[in-house]
Amino acid sequence: MKIFKRIIGLMSLCLLISIISGKAQIQNQYNFSFERIDNKHQPSGWIFQNSGCTVRLDTSVVYDGKYALNILKTDSGENTFGAAAYTIPANYRGTRIKLTGFIKTENIENGLAGLSMRIDGSEKQLAFDDMDNRGVHRTTDWKEYSIELPYDSVNAKQIVVGASLSGSGKMWVDDLHIYLDNKPIEVAPAKELLPAARDTSFSTNSGTTSIILNRDKIKLLTNLGMIWGFLKYYHPAIIQGKYNWDAELFRHLPLILKAPDNKTAYKIIEQWIDSLGAVPACKNCALVPADKIKQKPDYGYLFIAGNLPKTLKEKLKFIRDNYKPVSEQYYISKFPSIGSAVFQNELLYENSRYVDAGTRLIGLYRFWNIIQYFFPSRYLIGEDWNKVLPEFIPKFINAKDDKEYTSACLEIIARIHDTHANIWWSNYSTALDSIKGMYMTPFQAKFIQNKLIVTNYYKDTFEIKNKIHIGDIIEKIDGIPVDSLIKKYLPLTPASNYDAQLRDMPSANGFLLRSNKQEVNLQIRNNDTERQITISKVSISKIDQTIDYSDPTQTSGYKMLPGNIGYIYPGKLTDTDIFTIKKQFADTKGLIIDLRVYPAIMDIAVLSVHGSKKS
């Protein structure tokens, strides 16, 4: 589930991490040995998941190169798990795929360490192995292990490899390799590429560095974004991968912007649509009777009277009325075994943290259209989503640096009111950290009955427990009332509702208790006593954020409460607990399931073994 958050979070960046199609690439394209490091000193491209474990790079214990990946238990609880996953596109031909890697272990007594590999199709998992029946335990020196699976090159869409540790102890993993039919995957024969993948003309940026806005230009760009998104998901040539739709916009954008008036600009757009080829009439696309449709589709402003020229509107209407649904599109597929939309083949433009104006605009277009056509709760967000696009065009185009661009992304994410949408990690996390602040209070605080109350400690640093106590009410931060800060940060705090925003705002991932100053002045009240204190903050990188997501007092996934009441805490559950619970709770008077946490077993399954026996 947390990984799903990150997937949506990346979408919410408005640049969407993607599976980039390409020919067989040069050696060492992939970061299988953890040698390429990002700006947060993490191995580029790897996703970590941990429950009571730490996943980190190690420079002292390595098999090859400068770095190995180290997963170690750091929680005193019993149900700990740590994993790392790396995804690559299945752009290669072959019949057998093999993963090899070196593992070293230390004191693994009640769990196991192992490699994992999963092959995903467009709608289901095609093959999987996580060494569950032959994992490594106890203390072992470096040894090579392998996983071999059948490889369906026709239907495979992505390859996910990784390593995981359950239980106590430590593991190191290093020097991973993937082989297809005994050839390194970097030199394996490539699948035949579609024209959209072969078009790499605008792989780094749009070439449009600035856009001058006025009222007419905003209206034009609003209609352009709605047309671009509609064609992306409805025009058969784009659905079939005949065009790189980003590149097509970047080619035509300068012509549209230089048009002397909007009438000429719309003529350019109309000619562009004609160049995509004729749309065949659909003989089986009978209209569904209006009384059979509970919620009609919304195409923005495309078909309202008086908005677009008649000939352009008629072309779009013909495409709409002759759209024939297909099981798979070039830019859309389904997540295996779940069915939710996966936005694939979207270029990341990761060469720069601050992309040019045209690329920022397409980031907005991507996100707005994804919400317009695929967000199931779009009708429940409490406002007209069509009005959001013209509102944010100036914010995206006029963003003068990566901080303003990231803030604009965060603000539009917040407008869909979904806790699962956020900016979680990417090249933009540096800008996000600088906006929120690089320093955090060493204590945790939560809103309880609309008061910001100290609830725990991240670190007992600088004798913090002698200065501020659990139960203290924070009334002002650096002289600003907390109520005023709430109003300031609400637009930048994505969450499903106001209570969830208040939950997230003071967390280590929020704004309220972070800043770029190393000290903070607090006005504190406890009972009838008020006091002012100044405390030192600590680097956000040294904050253990796990206490924001689980109750540290919970040491087990279940227990019996007084009165013969069973209590289940999913955050600490293990596979074997289920059978014990069934037996021990068979004759209880009642059952409490505390869902104020992410289930540990579900997190494990989604990260590394989606659809495996662990789920």
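Biologist: In this predicted model, how do helix 8 and helix 9 run relative to each other, roughly parallel or roughly antiparallel?

Modeller: Let's start with the angle: helix 8 (residues 357-374) and helix 9 (residues 385-397) pack at about 165°, with their axes 10 Å apart. Angles over 145 degrees count as roughly antiparallel. Therefore helix 8 and helix 9 are roughly antiparallel.

Biologist: What sorts of residues make up the contact of helix 8 with helix 9?

Modeller: On the helix 8 side you'll find, among them, Leu361, Phe367 and Trp368. Helix 9 brings residues including Leu389, Phe392 and Ile393. Sorted by kind, the contact holds one charged, two polar and twelve nonpolar residues.

Biologist: OK, on to the sheet. Which strands stand at its edges?

Modeller: It's an open sheet of three strands, in the order 22-23-24. The two edge strands have a single partner strand each, so one side of each is left without a neighbour in the sheet. Those are strand 22 (558-561) and strand 24 (590-593).

Biologist: Which residue in strand 24 does Ile568 stand opposite?

Modeller: Strand 23 covers residues 565-568, and four bridges join it to strand 24. Strand 23 and strand 24 run parallel. Across from Ile568, in strand 24, stands Ile593.

Biologist: And which strands does helix 15 touch?

Modeller: Helix 15 is residues 577-584, and it packs on the sheet. Its direction makes about 20° with that of strand 22. The strands helix 15 touches are strand 22 and strand 23.

Definitions and conventions:
Residues numbered from 1 in each chain as written. Predicted model: local features only at pLDDT ≥ 70, side-chain atom pairs only at ≥ 80, totals over all residues. Heavy atoms only, no water. Pairing = 2+ DSSP bridges. Contact = heavy atoms within 4.5 Å. Axes fitted to C-alpha atoms, helices over the stretch in contact; angles between N-to-C directions. Parallel < 35°, antiparallel > 145°, perpendicular 65-115°, else oblique. Nonpolar A, V, L, I, M, F, W, Y, C, P; charged D, E, K, R; others polar.
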